[in-house]
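Dear colleague,

I am handing over a structure to you with this email, and below it you will find what came out of looking through it. Please keep the sequence and the 3D view open as you read.

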Amino acid sequence: MITLYGMGSPNVIKVTIMLEELDLPYGFERIDVIHGEQFEPSFGRLNPNRKVPVLVDAREAGDPVVLFESGVILMYLAETSGRFWPATTAARYEMLKWLMLQMASFGPACGQALHFNRAVAEPSYARDRFTTELGRLLGLVENQLAKHAHVAGPDYSLADMAFLPWCLTLKRLLPEAVELPRLQEWMARIGERPAVAKAVAASIDHSRRDLRALRDADQATLDRYYGRASAPADY
Ligand SMILES: N[C@@H](CCC(=O)N[C@@H](CS)C(=O)NCC(=O)O)C(=O)O
């Protein structure tokens with residue numbers, strides 16, 4: 001049995017896309033990160049960094065495999081299934097460098113740009129800085145899509161699965177950022193894959209619950225969620 005711990009967020013959707021692409025059955029455990037469920041001791045044993053997604057693979061006898069970091073989870077599912085895992089070292093690393101760029105640069109830039117444009121009302125140095133950096137990275141993806149059908153080259157890969165959920169989130173929350181023709185075409189094309197459509201549809205219910213939790217949260221909860229107050233002292 002595979003269990004995915006998550007919420008309706010892009011880093012979690014990456015993993016559900018891959019699980020759907022592989023047609024792997026899995027259970028979903030919602031973690032209400034807005035109300036701090038990630039600080040429960042039981043969750044800390046799965047991810048000491050207290051973030052979702054977490055994947056627990058208990059399909060084989062013995063200790064389950066417990067993984068955090070969405071990129072690592074994608075790599076694990078690819079390597080263990082033999083799908084979306086290029087056979088040659090050169091092709092594999094060609095794909096992995098774009099996956100790593102998504103993990104290390106694009107995802108964090110999206111998160112910060114969205115935070116300073118949407119969650120915080122006033123214009124600021126931080127807003128300009130992260131919006132500019134996000135624009136630069138989206139330009140890089142646009143250039144890549146001018147040369148290839150997919151982010152990491154001619155083939156659909158883990159890199160597409162990692163970039164797409166963030167791009168779809170931008171389309172909803174910061175649409176002007178993704179008004180790039182090749183990016184738009186790629187989003188529409190990849191979005192039509194049955195596995196992607198299924199994963200995105202499944203995330204809608206989780207997102208609604210996250211939004212309700214955000215709407216109902218008191219100021220102290222919001223301050224903790226947005227990192228303006230420290231995490232619980234004893235976690
Ligand atoms: N690099 C991590 C980022 C994980 C992450 O930031 N997860 C968010 C949801 S997308 C989260 O758990 N937020 C809750 C919190 O920060 O307390 C990954 O890709 O898995």
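**Helix H7 and its surroundings**

The buried residues of helix H7 are covered by parts of the chain that include helix H5 (125–147), helix H6 (158–173) and helix H8 (194–216). Please bear in mind that this is a predicted model.

Which residues of H7 are the buried ones? In this helix, which runs over residues 181–191, they are Leu183, Trp186 and Ile190. They lie on the same side of H7, because the arc they cover around the axis is only 65 degrees. On the other side of H7 one finds exposed residues, namely Pro181, Glu185 and Ala188.

**The sheet**

The model also holds an open sheet of 4 strands, which follow one another in the order E2-E1-E3-E4 with mixed pairing. As a general point, strands of a sheet pair through backbone hydrogen bonds, and they do so in either a parallel or an antiparallel way. Strand E2 (26–30) and strand E4 (65–68) are the edge strands of this sheet, since each of them pairs on one side only. Averaged over the sheet, and with direction ignored, neighbouring strands are turned by 15 degrees against each other.

Strand E1, which covers residues 2–6, pairs with E2 in the parallel sense over 5 bridges, and within this pair Thr3 stands opposite Gly27 in E2. Helix H1 (residues 10–22) packs on the sheet, where it touches E1, E2 and strand E3 (54–57), and the direction of H1 makes about 155 degrees with that of E1.

With best wishes

Terms used. Residues are numbered from 1 along each chain as its sequence is written. This is a predicted model: local features need pLDDT of at least 70, side-chain atom pairs count only at pLDDT 80 or more; totals for chains, interfaces and linings use all residues. A residue is buried if 20 or more other C-beta atoms lie within 10 Å of its own, exposed if 12 or fewer, and partly exposed in between; C-beta atoms are placed from the backbone. Helices (H or I, at least four residues) and strands (E, at least two) are DSSP runs, numbered from the N terminus. The arc is that of the directions from the helix axis to the C-beta atoms. Two residues are in contact if their C-beta atoms, placed from the backbone, lie within 7 Å. Two strands pair if DSSP finds at least two bridges between them. Axes are lines fitted to C-alpha atoms, for helices over the stretch in contact, and angles run from 0 to 180 degrees between N-to-C directions.
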